[in-house]
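Let's work through a few exercises together. Keep the sequence and the structure open beside you as you go.

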Amino acid sequence: MAIDYQQKIPNNVDLGNDRRLQRALEHWQPRYLDWWQQMGPADFQCADVYLRTATSVDAKGWAQFGHVQMPEYRWGIFLAERDANRTVGFGDEFGKSVWQEVPGEHRAVLRRLIVTQGDTEPASVEQQRLLGLTCPSLYDLRNLFQVNVEEGRHLWAMVYLLHAYFGRDGREEAEELLHRHSGDADNPRILGTFNEPIEDWLSFFMFTYFTDRDGKYQLKSLAESAFDPLARTCQFMLTEEAHHMFVGETGVGRIVKRCLEVMKGSKSDDPEVIRKAGAIDLPLLQRYINFWFSSCLDLFGADSSSNAASYFAAGVKGRPDEAMFADHICKDSQYDLSVPDGAGGARIETIPTRNAMNEITRNLYIEDCQKGVTRWNRLIKKAGFDFEIKLPSSRFRRSIGSWANLPIDPSGSLLANDVYQNCLAAVLPSEADRAYVHSLMKPVTEPGKMASWIAAPDRGINNNTPEFEYVKLH
Ligand SMILES: [Fe+2]
Ligand SMILES: [Fe+2]
């Protein structure tokens with residue numbers, strides 16, 4: 001049976017008139033759906049979920065809400081509108097016309113960047129596969145599935161680029177994106193973090209706050225690319241990504257709020273007392289933040305990187321919001337990088353700015369991470385308690401870059417090795433922490449009801465109340 005592409009796959013790439021692309025997608029789409037059934041959200045494929053679907057890129061069309069069964073979700077292909085006058089915004093090609101096709105000399109690098117980005121999208125769906133079974137509310141269950149279907153759409157976005165611009169290699173890469181699986185011993189996902197299962201909702205909120213935000217910065221850098229179809233694809237993905245980080249920030253905020261209610265009611269900040277009431281204590285939350293923030297920093301790569309320099313020079317991958325920088329060429333400029341001085345402190349090493357692109361992006365990410373932390377701290381202060389959530393030092397627990405594998409504590413101080421081991425045990429989630437968090441993971445599926453460890457949201461989705469039946473279970 002012929003597929004009506006305009007109907008079945010909402011798109012703004014004139015899919016109905018591109019025979020070659022249609023054939024490629026005819027081949028890929030049933031495999032994608034098999035993957036979704038096998039590796040997507042467990043047990044909820046028949047539930048009616050109140051989901052947002054993009055049917056066009058304009059303000060009206062990109063957020064159509066309605067109850068749908070997830071396998072019936074209309075995964076579409078959308079690129080931001082083309083700007084016919086767009087020129088390369090950085091690097092050696094600065095000011096020249098952007099590329100509508102892949103230049104031969106950048107083909108391998110662009111393919112690798114697209115595949116790496118594409119690989120993270122289905123990976124996170126796989127990581128979160130079992131979470132629905134322990135949802136703290138129908139509102140949260142819906143948000144989980146919204147994130148999942150949109151990560152699925154982001155896979156479509158990257159697969160579209162591979163099919164449309166990379167010929168046979170692209171089609172092969174698109175197949176591989178469905179064959180690698182998170183945590184698979186023989187065929188794992190490309191990046192380490194995306195192979196760790198996410199088994200509890202505190203980790204889910206940490207993932208959407210910290211890891212999806214890494215995604216935001218990667219997409220922002222690719223949205224600057226001289227390869228125009230990639231730039232436009234990433235620009236539209238960013239509009240969806242914003243909701244994922246909203247889920248993370250409000251999720252953690254609601255956990256803080258619930259903890260503060262218990263602290264006020266019991267007039268105690270003793271973790272034992274908080275846990276007796278079924279809430280999550282702030283020191284435990286801090287340990288999860290220490291873990292997630294430090295592992296996400298490594299996703300940006302080495303602080304001095306010749307790959308990053310060549311991506312920038314070529315125009316393949318820029319800095320987030322490139323327009324806000326004064327110098328877009330950075331040919332002779334220098335960057336002062338802090339590196340270990342070998343005596344417990346830091347010294348400045350001056351490197352070419354182009355080699356510092358990962359570090360520049362990482363620092364913007366850190367600033368962005370701090371914003372939510374500041375808001376959470378405001379809640380704590382307003383409730384009259386003396387506790388401050390802190391992002392650990394960017395030198396803490398790093399595995400990549402000049403600060404890798406050094407015994408540094410969350411405040412950034414170098415410790416003796418044995419002291420460091422004790423420190424790690426105290427500042428990262430312990431077995432007991434994880435066991436406690438797991439003990440809280442019991443499904444709450446009555447509309448409007450919340451689990452004991454999280455406060456209700458201030459408002460619902462799309463002007464609905466928090467009590468709205470966001471997921472109709474059958
Ligand atoms: Fe994504
Ligand atoms: Fe995301």
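**Exercise 1. Start from one bridge and rebuild the sheet around it.**

Before starting, note that this is a predicted model.

Step 1. Take Thr 53, whose opposite number in E2 is Gln 64. Another bridge to E2 pairs Tyr 50 with His 67.

Step 2. Count the links: E1 and E2 are joined by six bridges and run antiparallel.

Step 3. Turn to the other neighbour of E1. Asp 48 faces Lys 472 of E5, and E1 and E5 are also antiparallel, with two bridges between them.

Step 4. Put the pieces in order. The result is an open sheet of three strands, E2-E1-E5, with antiparallel pairing. Strand E2 (64-69) and strand E5 (471-472) are the edges; each has a single partner strand, so one side of each has no neighbour in the sheet.

Step 5. Add the helix. Helix H4 (residues 138-165) packs on the sheet and touches E1 and E5, its direction making about 50 degrees with that of E1.

**Exercise 2. Find what Asp 14 and Asp 43 share in their backbone and surroundings.**

Step 1. Recall the background: most residues other than glycine have a negative phi.

Step 2. Read the angles. Asp 14 has a positive phi, near 55 degrees, and Asp 43 has a positive phi of about 75 degrees.

Step 3. Locate the residues. Asp 14 belongs to the loop between helix H1 (5-8) and helix H2 (19-39), while Asp 43 sits in the loop between H2 and strand E1 (48-53).

Step 4. Judge exposure, for which the limit is 12 or fewer other C-beta atoms within 10 Å. Asp 14 has 10 such atoms, so Asp 14 is exposed. Asp 43 has 11, so Asp 43 is exposed.

**Exercise 3. Check the length of helix H3 and say how covered the helix is.**

Step 1. Helix H3 (residues 107-127) has 21 residues, and at 1.5 Å a residue they should span 30 Å.

Step 2. Compare with the model: the end C-alpha atoms of H3 are 30 Å apart, which agrees.

Step 3. Look at burial. H3 is mostly covered, with 15 of its 21 residues buried.

**Exercise 4. Describe the nonpolar cores.**

Step 1. Recall that in soluble globular proteins nonpolar side chains tend to be buried together.

Step 2. Find the hubs. The largest nonpolar core has 54 residues, and Phe 145, Met 206, Ile 255, Cys 259 and Ile 280 touch the most other members.

Step 3. Ask who contributes. At least two residues of this core come from each of E1, H4, helix H6 (201-222), helix H7 (228-266), helix H9 (282-297) and helix H11 (357-382).

Step 4. Zoom in on one hub. Leaving aside residues up to four places away in sequence, Cys 259 touches Ile 274, Ala 279, Ile 280, Asp 281 and Leu 282.

Step 5. Look for another core. A second, separate one has 48 residues, including Leu 15, Leu 113, Phe 236 and Tyr 311.

**Exercise 5. Test whether the whole chain fits the expectation for a compact globule.**

Step 1. Take stock: the protein chain has 13 helices and five strands.

Step 2. Apply the rule. For 474 residues, a compact globule would have a radius of gyration near 23 Å; the chain has 23 Å, which agrees.

Step 3. Add the dimensions: the C-alpha trace spans about 65 × 60 × 40 Å along its principal axes.

Step 4. Finish with burial and contacts. Buried residues account for 43% of the 474. Of the contacts between residues at least 6 apart in sequence, 69% join residues at least 24 apart.

Technical notes: Residues are numbered from 1 along each chain as its sequence is written. Chains are lettered from A and ligands numbered from 1 in the order in which they are written. This is a predicted model: local features need pLDDT of at least 70, side-chain atom pairs count only at pLDDT 80 or more; totals for chains, interfaces and linings use all residues. Helices (H or I, at least four residues) and strands (E, at least two) are DSSP runs, numbered from the N terminus. A residue is buried if 20 or more other C-beta atoms lie within 10 Å of its own, exposed if 12 or fewer, and partly exposed in between; C-beta atoms are placed from the backbone. Two strands pair if DSSP finds at least two bridges between them. Two residues are in contact if their C-beta atoms, placed from the backbone, lie within 7 Å. Axes are lines fitted to C-alpha atoms, for helices over the stretch in contact, and angles run from 0 to 180 degrees between N-to-C directions. The expected span of a helix is 1.5 Å times one less than its number of residues. The radius of gyration is taken over C-alpha atoms; the globule rule is 2.2 Å times the number of residues to the power 0.38. A nonpolar core is a set of buried Ala, Val, Leu, Ile, Met, Phe, Trp, Tyr and Cys residues joined through C-beta atoms within 7 Å.
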